[in-house]
Amino acid sequence: MNPAPAQLAAPATGAADPSAPTDGGLRIQAVSYGYRGRRGALPAVDRVSFDVPRGGMGVLVGPSGCGKSTLLRLVAGLLEPDTGSIDVGGVTPARLRAQRRAGFAFQDPGLLSWRTVRRNIELPFDLAGLPKDRAWTDHLLEITGLTEWADRRPRELSGGMRQRVALARALATRPEVLLLDEPFGALDEITRSDLNLELLRILSDTGTTCLLVTHSVDEAVLLADVVVVLGRRPCAVRAVLDVPQPRSQRRAARDTPEFSARCRAVREELEAGR
Ligand SMILES: Nc1ncnc2c1ncn2[C@@H]1O[C@H](COP(=O)(O)OP(=O)(O)O)[C@@H](O)[C@H]1O
Ligand SMILES: [Mg+2]
């Protein structure tokens, strides 16, 4: 994709190169979507194309109301594109949804107060009437650092811990893709920064491809393999920035000139697109 790390690639306006190899990641090709209401159509997404490699992290940044959440809903199979196509590890979002292989978490963790941490994580199985996988829940509790809290109720947890429960629950059905809509937006800076690095570790552990929306440019550059900068509604891709850096180096990389340069490049593109 991008040869030079701090440079932004021009957006792909039409379909991405169909001959490019798909590695089982996420491929969005020329996707457009408009909401239809009584007062006519409201275009929200305009010919968006980008790829996220398998097991990688794509981060969407763009002005409020530009269509970021709409894009996540399209990938989740909750909405269907008017034109264009989405491929997640070789399957369509509709199929993915039917197989419960898209995991979702939002800014509000949305936990059930009367259920324990363990039973909140297992909720997707109960909703689907599927048998629980206790060993997998144990593993999720462990990688999210919640083992000791498995039998507690959400009110006994901090905000960061509740967000980790929401993450574990989103991973419960071993999703092909994890969709995170401003998941850490309500947390304080320190908790958020810790959770960001924890998220990378958790994703490396499960190998899950992730698409995350954030308002924070620093968070985007810290987390992403691919930052997708979107313009005003209906959102088109303004630029794509590859961050070719191993996850193990992300913590240290925050204090480097390259990190600042990448943040500046994204910020400038965002400001130009307002
Ligand atoms: N269910 C809906 N029906 C009609 N319009 C919607 C609906 N959801 C979102 N929109 C509109 O689509 C646009 C994009 O919304 P959204 O994807 O939520 O933006 P973002 O997440 O970037 O803030 C906004 O103008 C919003 O008002
Ligand atoms: Mg949104």
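Which residue has a polar backbone atom 2.8 Å from an oxygen atom of ligand 1? In this model, that residue is Lys68.

Before I go on, let me say what we are looking at: this is a predicted model, in which local features need pLDDT of at least 70 and side-chain atom pairs count only at pLDDT 80 or more, while totals for chains, interfaces and linings use all residues. Residues are numbered from 1 along each chain as its sequence is written, chains are lettered from A and ligands numbered from 1 in the order in which they are written, and side-chain values use heavy atoms, with hydrogens and water left out.

Let me stay with the ligand. Lys68 is joined by Cys66, a polar backbone atom of which is 3.2 Å from an oxygen atom of ligand 1, and by Thr70, which places a polar side-chain atom 2.5 Å from a ligand oxygen. Taken alone, ligand 1 exposes 560 Å², and the protein buries 60% of that, with accessible areas taken from the Shrake-Rupley method with a 1.4 Å probe.

The residues surrounding ligand 1 include Tyr35, Leu42, Arg73 and Arg233, where a residue is near a molecule if one of its heavy atoms lies within 4 Å of it. By class, this shell has four nonpolar, five polar and three charged residues, and here Tyr, Cys and Pro count as nonpolar, whereas Gly is among the polar ones. Helix 1, residues 68–76, gives the largest share of the shell, four residues; helices are DSSP runs of H or I with at least four residues, and strands are runs of E with at least two.

Arg233, one of the shell residues, also begins a cis peptide bond, to Pro234, with omega near -10°. Pro234 is found in the loop between strand 8 (226–230) and strand 9 (237–242).

Now to the domains. The assignment, which is automatic or from a database, gives domain 1 as 8–101 + 175–274 and domain 2 as 110–174, and their C-alpha centres lie 25 Å apart. Contact, meaning heavy atoms within 4.5 Å, links 17 residues of domain 1 with 15 residues of domain 2. The buried area, that is, the accessible area (1.4 Å probe) lost by the two parts on being put together and summed over both, is about 1,300 Å², of which carbon and sulfur atoms give 70%. Arg100, Pro175 and Ile202 supply 39% of what domain 1 buries against domain 2, more than any other three residues.

Arg100 deserves a last look: it lies in the loop between helix 2 (93–98) and strand 5 (102–106), and its phi is near 55°, a positive value in a residue other than glycine.

Terms used
Polar contact = N/O pair within 3.5 Å; in protein donor to acceptor, adjacent residues only side chain to side chain.
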